[in-house]
Amino acid sequence: MIYFKLPFDEGLHSVDKEAHKNAVNFYSYNSLSHIDFNGNIIKVNQEEFNTTPITSESLINDTTNFTAETKEEYCNTLQQVIGVIKENNLPKLVYSRRKIFTDFNIIDYKESFNNLCKSYPNAFRYLFNDGENAWMGAFSEVLGKFNKATHEFETMALAGTLPVLEEWSEKEIEEQKPVTTYIQNILKNYSEQIQQSETYDHVSGNIKHLRTDFKTTIKPEDLDKIIKDLHPTPAVCGIPKYFCNENIRKYEKFPREFYAGYIKVEIEESILYFVNLRCARLYKDSVHVFVGGGITAQSNPEKEWTETELKSEAILKNLVIS
C-alpha cells in the first residue's frame, strides 16, 4: 500500500501493481536497501481514501528495543562531533537522532497523512506500508528532476535551518555555501552550461532553509550517475562525503535506514528524485521520528537540540491520536 502527493499538487496517487515498470522507489541512506512499488501510477479518489481505515493497529510491533538519546547524551556526543570538525577543519558534518514516541493507544494514519498534506503543500508527501516497513513523510528538497523530452535537469542546494521569523546568522550562511559549491562541481562534470539562482528563503511549515537552484541539460544515460554523485549531498551528510560518512557511522546511535535516503518517482513527462527528510518509521506501538542537523565549528549543542525538536514537530504535530 502506498499513497502520495506531488509538490504543489493535491491529487492523491497510488500504484496499481499491474505492470512491471518503475513507479516509486525508496532508497536507503547507504543505498544498500530499496523498497519498490512497481506498476502504473493511478489517481485515487480523495473521498474514497477518506473512508479507508489506516491505523497503527494494522502495523507490526516495534521489536528494535531502541532507546532514544536524552538531551544530555545528544549534547555530549555533539561536543565530540564538533571536536572532529575543528580538528579536521570540516565545513560541515550532519548528525542525526531518533525521537521515539509511544504515548498513544491508536494513531489514525489516514487522517495524520491528510494533516501532513495540508501542512506541507510544497512537499512530496507519502504514506506506505509494504507489510514489513511502514513510513510516512513530507519534504520539499529535490535531489533531481529530469525532463524526458528536453533532457533538462534541475536540482537545489538546501541547507541552514531556522524558525521562520528568525534572521539568518553567519552559521547558517556558512553552512549553505559548501552545499552550493559541491553541487556546482558535480554538475560541471556533466554539462558546460549551468544556470544558478540567487540564494533565497525556502519555507517548510514552521521553519525555513537557505536555497539555491540549479538548471542544466544532461545526457539521459548520465542520469543515474549524476544522482549517485549527488547523493548523499552535504545537506544530509557533510563535506568531504566519505570522511563524514565514516564519522556518521561512528557517532550516530542508530542506523538511518530510509531517513536521508531518496525517493524516485517516474511520471509520464519526468523522473523526480526527492530527499527523504521529515519522515518517520511507523510501528503498531511506536513512531520513530528521524531528525538531524548540519553541524559546524560554530554549532551550539543546546541550539542544535532545539532545532531537531522543532523538526520533529513536522510529523508529531500532524498525528491524529486516540
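In the predicted model, the secondary structure of the protein consists of 7 helices and 20 strands. The radius of gyration is 19 Å, close to the 20 Å given by the globule rule for 322 residues, so the protein is as compact as a globular protein of that length. The C-alpha trace spans about 55 × 50 × 35 Å along the principal axes. Among contacts with a separation of 6 or more, 72% are made by residues 24 or more positions apart.

Of the 322 residues, 55% count as buried. The accessible surface of the protein amounts to about 14,600 Å², and carbon and sulfur atoms contribute 47% of this area.

In soluble globular proteins, nonpolar side chains tend to be buried together. In the present model, the largest nonpolar core has 68 residues, and those with the most contacts inside this core are Val24, Phe26, Ile226 and Val265. Helix α2, which covers residues 71–87, gives the most to this core, with 7 residues. A second core, separate from the largest one, has 27 residues, including Ile54, Phe101, Cys117 and Leu319.

The surroundings of Val24 illustrate the larger core. When residues up to four places away in sequence are not counted, Val24 touches Ile2, Phe4, Val15, Ile35, Asp36, Phe37, Ile263, Lys264 and Val265. Of these neighbours, Val265 is itself among the residues with the most contacts inside the core. Another neighbour of Val24, Ile35, is 146 residues from Thr181 in sequence, and the C-alpha atoms of Ile35 and Thr181 are 31 Å apart in space. Thr181 is found in helix α4 and counts as partly exposed because its relative accessibility is 38%.

Nonpolar residues also occur on the surface. Val164, Leu165 and Val203 form a nonpolar patch there, with about 290 Å² of accessible area together. Within this patch, Leu165 lies in the loop between β11 (152–163) and α4 (170–187). Leu165 counts as exposed because its relative accessibility of 81% is over the 50% cut-off. The loop that holds Leu165 thus leads to α4, the helix in which Thr181 is found.

Backbone geometry was examined next. Most residues other than glycine have a negative phi, and most peptide bonds are trans. Two peptide bonds that precede proline are described here as cis. The bond from His231 to Pro232 is cis, with omega near -10°, and Pro232 lies in the loop between α5 (223–230) and β15 (238–239). The bond that joins Ile239 and Pro240 is also cis, with omega about -5°. Pro240 is placed in the loop between β15 and α6 (241–251). Strand β15 therefore has a loop with a cis-bonded proline on either side.

Positive phi values are found at Phe8 and His151, neither of which is a glycine. Phi of Phe8 is near 55°, and this residue lies in the loop between β1 (2–5) and β2 (12–15). Phe8 is exposed, with a relative accessible area of 68%. For His151, phi is about 65°, and the residue is located in the loop between β10 (142–147) and β11. His151 counts as partly exposed, with a relative accessibility of 27%.

Definitions and conventions: Residues are numbered from 1 along each chain as its sequence is written. This is a predicted model: local features need pLDDT of at least 70, side-chain atom pairs count only at pLDDT 80 or more; totals for chains, interfaces and linings use all residues. Side-chain values use heavy atoms; hydrogens and water are left out. Patches are made of residues with over 30% relative accessible area and no salt bridge: like charges are joined within 9 Å, nonpolar side chains (Val, Leu, Ile, Met, Phe, Trp, Tyr) within 5 Å. Accessible areas come from the Shrake-Rupley method with a 1.4 Å probe; for residues, only the protein chains shown count as cover. A salt bridge is a side-chain nitrogen of Lys or Arg within 4 Å of a carboxyl oxygen of Asp or Glu. Helices (H or I, at least four residues) and strands (E, at least two) are DSSP runs, numbered from the N terminus. Buried means under 20% relative accessible area, exposed over 50%, partly exposed in between (1.4 Å probe, protein chains only). The radius of gyration is taken over C-alpha atoms; the globule rule is 2.2 Å times the number of residues to the power 0.38. Contact means heavy atoms within 4.5 Å. A nonpolar core is a set of buried Ala, Val, Leu, Ile, Met, Phe, Trp, Tyr and Cys residues joined through side-chain atoms within 4.5 Å.
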